[in-house]
Amino acid sequence: MKGYINIPESFKCKGCKLCGSAPIISLAEHGLYQLKCPNNDSHYQTNPGEIDIDDWNIHNTQLYDHDYDLKMISEG
Ligand SMILES: [Zn+2]
């Protein structure tokens, strides 16, 4: 059984870096809540038990180009 809680607008949350969706608070395993992208479990999500908006924002900020990472994957 899964539960979702929308984040109050008073919190400054960035949208998901990959799809632009606002994150939700989701009930993960063992009754722990986590902050995650509502669209895709492979997009960034905080560790279960951590509703850490700062952590979410850091991981969803594009400080630099990811061409480097993509290149490594395609050449791997
Ligand atoms: Zn996403």
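Me: Let's start with burial. What share of the 76 residues of the protein chain counts as buried?
Reply: The general idea is to count neighbours: a residue is buried if 20 or more other C-beta atoms lie within 10 Å of its own. In this predicted model, 13% of the 76 residues in the protein chain pass that test.

Me: Okay, and how should I read the confidence? What is the mean pLDDT of the protein chain?
Reply: pLDDT is the predictor's own confidence in each residue, from 0 to 100. The protein chain averages 83, with 78% of its residues at 70 or more. Look at the extremes too: S3 has the highest confidence at 94, whereas helix H2 (residues 67-75) has the lowest, with a mean of 56.

Me: Now the fold itself. In what order do the elements of the protein chain run from the N terminus?
Reply: Just walk along the chain and note each helix or strand as you meet it. Here you'd write β-β-β-α-α, which adds up to 3 strands and 2 helices.

Me: How are the strands arranged, and which pairing do they have?
Reply: For a sheet, you read off the strand order and the direction of each pairing. This one is an open sheet of 3 strands, ordered S1-S2-S3, and the pairing is antiparallel. Strands S1 (4-6) and S3 (33-36) are at the edges with a single partner strand each, so each has one side without a neighbour in the sheet. On average, neighbouring strands are turned by 30° against each other, ignoring direction.

Me: How many bridges hold S1 and S2 together?
Reply: That antiparallel pair has 3 bridges. One to look up is tyrosine 4, whose bridge partner in S2 is serine 26.

Me: And how many bridges join S2 to S3?
Reply: Strand S2 (residues 24-27) is joined to S3 by 4 bridges, again antiparallel. Among the facing residues, isoleucine 25 is opposite leucine 35 of S3, and leucine 27 has tyrosine 33 as its bridge partner there.

Me: What do S2 and S3 form, and how many residues lie between them?
Reply: They make a hairpin with 5 residues between the two strands. Check the backbone of histidine 30 in that turn: its phi is positive, about 60°.

Me: Last one: what fraction of the contacts is long-range in sequence?
Reply: Take contacts with a separation of 6 or more, then ask which ones link residues 24 or more positions apart. In the protein chain, that comes to 24%.

How values were computed: Residues are numbered from 1 along each chain as its sequence is written. This is a predicted model: local features need pLDDT of at least 70, side-chain atom pairs count only at pLDDT 80 or more; totals for chains, interfaces and linings use all residues. Two strands pair if DSSP finds at least two bridges between them. Axes are lines fitted to C-alpha atoms, for helices over the stretch in contact, and angles run from 0 to 180 degrees between N-to-C directions. A residue is buried if 20 or more other C-beta atoms lie within 10 Å of its own, exposed if 12 or fewer, and partly exposed in between; C-beta atoms are placed from the backbone. Two residues are in contact if their C-beta atoms, placed from the backbone, lie within 7 Å.
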